[in-house]
Amino acid sequence: MTAPSGDPFTLFIAHLRPDYPFRRREVRMLLGWMRPYRHRLCAMCGDLNSLAAGDYLAAKLVRPGSQLRRGRRDIIAEIERAGWVDCFRLRNPRAPGLTLGARRRVARVDYIFASKPLAERLTACRVLSHPEARRASDHSPVWAEFDI
């Protein structure tokens, strides 16, 4: 697609599996597809079923045995090492940004990552917490705004 500026814009949408071995393979495949776009206006978003290192997890609200409770936190780090920028964390360094949970949000597993050229144009990124959004899904939407 084309950005309003006339520059090409590429968007990847992902929903990674919750079980770790498959998720690791999926993210490596995804990063391979995204590699040619890392120096252009490009974003990747979706439910990555992964926690970032240092992000809050309401462990007492997560059911015992959950992949989240015992899950590894290296998937997001791998995406960042590949040069992609976590838009929410860039604009909200300390906010928890919780996106997952049916009754109460307990973790952040939904992300928007941007290439460095796109991240330089990021003006806002938030988690939508409207009551209707909470009733619609056990995930809250994340949105980002770019000056393109």
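Biologist: Where does L11 sit?
Modeller: L11 is in strand β1, residues 9-15. Helices (H or I, at least four residues) and strands (E, at least two) are DSSP runs, numbered from the N terminus. Residues are numbered from 1 along each chain as its sequence is written, and side-chain values use heavy atoms, with hydrogens and water left out. This is a predicted model, where local features need pLDDT of at least 70, side-chain atom pairs count only at pLDDT 80 or more, and totals for chains, interfaces and linings use all residues.

Biologist: Is L11 buried or exposed, or in between?
Modeller: L11 counts as partly exposed, at 37% relative accessibility. Buried means under 20% relative accessible area, exposed over 50%, and partly exposed in between (1.4 Å probe, protein chains only).

Biologist: Which residues make a nonpolar surface patch with L11?
Modeller: M1 and I13 join L11 in a patch of about 350 Å². Patches are made of residues with over 30% relative accessible area and no salt bridge: like charges are joined within 9 Å, nonpolar side chains (Val, Leu, Ile, Met, Phe, Trp, Tyr) within 5 Å. The areas come from the Shrake-Rupley method with a 1.4 Å probe; for residues, only the protein chains shown count as cover.

Biologist: Now the inside. Which residues of the largest nonpolar core touch the most other members?
Modeller: Of its 18 residues, those are M34, M44, L48, I76, I79, W84 and F113. A nonpolar core is a set of buried Ala, Val, Leu, Ile, Met, Phe, Trp, Tyr and Cys residues joined through side-chain atoms within 4.5 Å.

Biologist: Which element gives the most to this core?
Modeller: That's α1, with five residues.

Biologist: What does F113 touch?
Modeller: Its contacts (heavy atoms within 4.5 Å) include M44, L48, I76, I79 and W84, not counting residues up to four places away in sequence.

Biologist: Okay, salt bridges. How many are there?
Modeller: The structure holds eight. A salt bridge is a side-chain nitrogen of Lys or Arg within 4 Å of a carboxyl oxygen of Asp or Glu.

Biologist: What's up with R24 and E78?
Modeller: Their side chains meet in a salt bridge at 2.4 Å, N to O. R24 lies in helix α1 and E78 in helix α3, so the pair ties together parts that are 54 residues apart in sequence. Both R24 and E78 are buried.

Biologist: What else does E78 touch?
Modeller: Besides R24, E78 touches V27, R28 and L31, again leaving out residues up to four places away in sequence.

Biologist: And which residue pairs with R108?
Modeller: R108 forms a salt bridge with D86, and the closest N and O atoms are 2.7 Å apart. R108 is in the loop between α4 and β4, while D86 is in strand β3 (residues 85-86), 22 residues apart. Both R108 and D86 are buried.

Biologist: Last topic: how many disulfides?
Modeller: Zero. A disulfide here is a pair of cysteine sulfur atoms within 2.5 Å.

Biologist: Why doesn't C125 bond with C87?
Modeller: The sulfur of C125 is 5.4 Å from the one in C87, its closest cysteine sulfur, so that's too far for a bond. C125 also counts as buried, at 0% relative accessibility.

Biologist: And what about C45?
Modeller: C87 has the closest cysteine sulfur to C45 too, but the distance is 9.5 Å, so a bond is out of reach.
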